[in-house]
Amino acid sequence: MLNFGLVDLRIVRPRDGWPSLPAAKLSAGAFEAGVSGRIYDRVEEAISDLSHVYAATARPREMEKPVVDAPKAVQDITSRMGTQSQSGILFGSESSGLTNHDVTFADTILTYPVNSDFASLNLAMAVGVFASAWGQAANERPEGFETGSEAAPREELIGMFKHLEQELGRAGYFHPPEKTPVMVQNLRAAFIRGEWTSQEIQTFRGAIKALALGRGKARIERE
């Protein structure tokens with residue numbers, strides 16, 4: 001990361017605990033030189049303040065999400081740098097990669113033009129490919145950036161997901177039960193593509209609340 005100017009490292013449930021002496025030795029002094037390692041229990045917590053999330057994966061996930069390569073991801077992230085929005089790249093564990101649950105929180109799929117018959121990269125290589133693209137583009141960025149609408153932090157979007165899914169569950173929407181994970185996945189994928197602002201999320205959650213209250217009122221009137 002530090003070779004190419006990246007310093008914000010977030011680790012979810014590190015296998016060997018943290019701080020890790022072996023990791024520090026392998027980093028060749030990168031932590032002392034500026035890389036910060038923050039630890040989280042869940043992916044949702046690690047991305048809570050981010051406005052745009054990329055999921056690095058070589059496997060098709062059957063999700064309706066844009067797919068980009070590393071240079072395109074760098075270009076997109078750079079275009080948002082004039083706002084207060086923050087972007088992040090999700091990489092999976094060395095052994096198993098990202099789960100579908102993790103990928104549902106991402107706006108965009110990041111993939112590399114690897115050999116389809118041998119697409120597996122270890123974690124360091126996967127991070128290195130993106131970091132290299134980031135470093136290559138560093139000298140090409142203009143000094144000023146146009147500002148745009150600021151996307152909401154992921155924490156707010158996740159809160160909206162939970163609010164909507166809770167009310168849909170109460171309304172009996174998730175039927176049959178065994179299809180609930182796929183239905184939730186499709187809903188989240190559709191909403192994430194919208195790059196919601198905080199104001200839009202507040203408005204939509206107000207609409208969810210109003211619909212839930214209206215459903216309860218109708219039940220009382222029928223009784």
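**A friendly note on this predicted model**

1. A good place to start is a loop: Pro176 sits in the loop between helix H6 (154-170) and helix H7 (180-192). Pro176 is joined to His175 by a cis peptide bond, with omega about 0°. Please keep in mind that the model is predicted.

2. A second cis peptide bond links Trp18 and Pro19, again with omega about 0°. Here Pro19 lies in the loop between strand E1 (8-12) and helix H1 (21-26). For context, most peptide bonds are trans.

3. The loop between E1 and H1 also holds Arg13. Arg13 is not a glycine, yet its phi is positive, at about 45°. Is Arg13 buried or exposed? Its relative accessibility is 58%, so Arg13 counts as exposed.

4. Glu195 is worth a look too, in the loop between H7 and helix H8 (198-222). Its phi is positive and near 45°, in a residue other than glycine. Glu195 is partly exposed, with a relative accessible area of 37%. In general, most residues other than glycine have a negative phi.

5. Now for the whole chain: there are eight helices and six strands, and their order along the sequence is β-α-β-α-β-β-α-β-α-β-α-α-α-α. The C-alpha atoms fill a box of roughly 70 × 40 × 35 Å along the principal axes.

6. The chain has 223 residues, of which 36% count as buried. Among contacts with a separation of 6 or more, 82% come from residues 24 or more positions apart.

7. Finally, the surface: about 13700 Å² is exposed, with carbon and sulfur atoms supplying 54% of it. The side chains include 24 positive and 28 negative ones, and the centres of these two sets lie 7 Å apart.

Conventions: Residues are numbered from 1 along each chain as its sequence is written. This is a predicted model: local features need pLDDT of at least 70, side-chain atom pairs count only at pLDDT 80 or more; totals for chains, interfaces and linings use all residues. Side-chain values use heavy atoms; hydrogens and water are left out. Helices (H or I, at least four residues) and strands (E, at least two) are DSSP runs, numbered from the N terminus. Buried means under 20% relative accessible area, exposed over 50%, partly exposed in between (1.4 Å probe, protein chains only). Contact means heavy atoms within 4.5 Å. Accessible areas come from the Shrake-Rupley method with a 1.4 Å probe; for residues, only the protein chains shown count as cover. Lys and Arg count as positive and Asp and Glu as negative; His and the chain ends are not counted. The place of a charge is taken as NZ of Lys, CZ of Arg, CG of Asp or CD of Glu.
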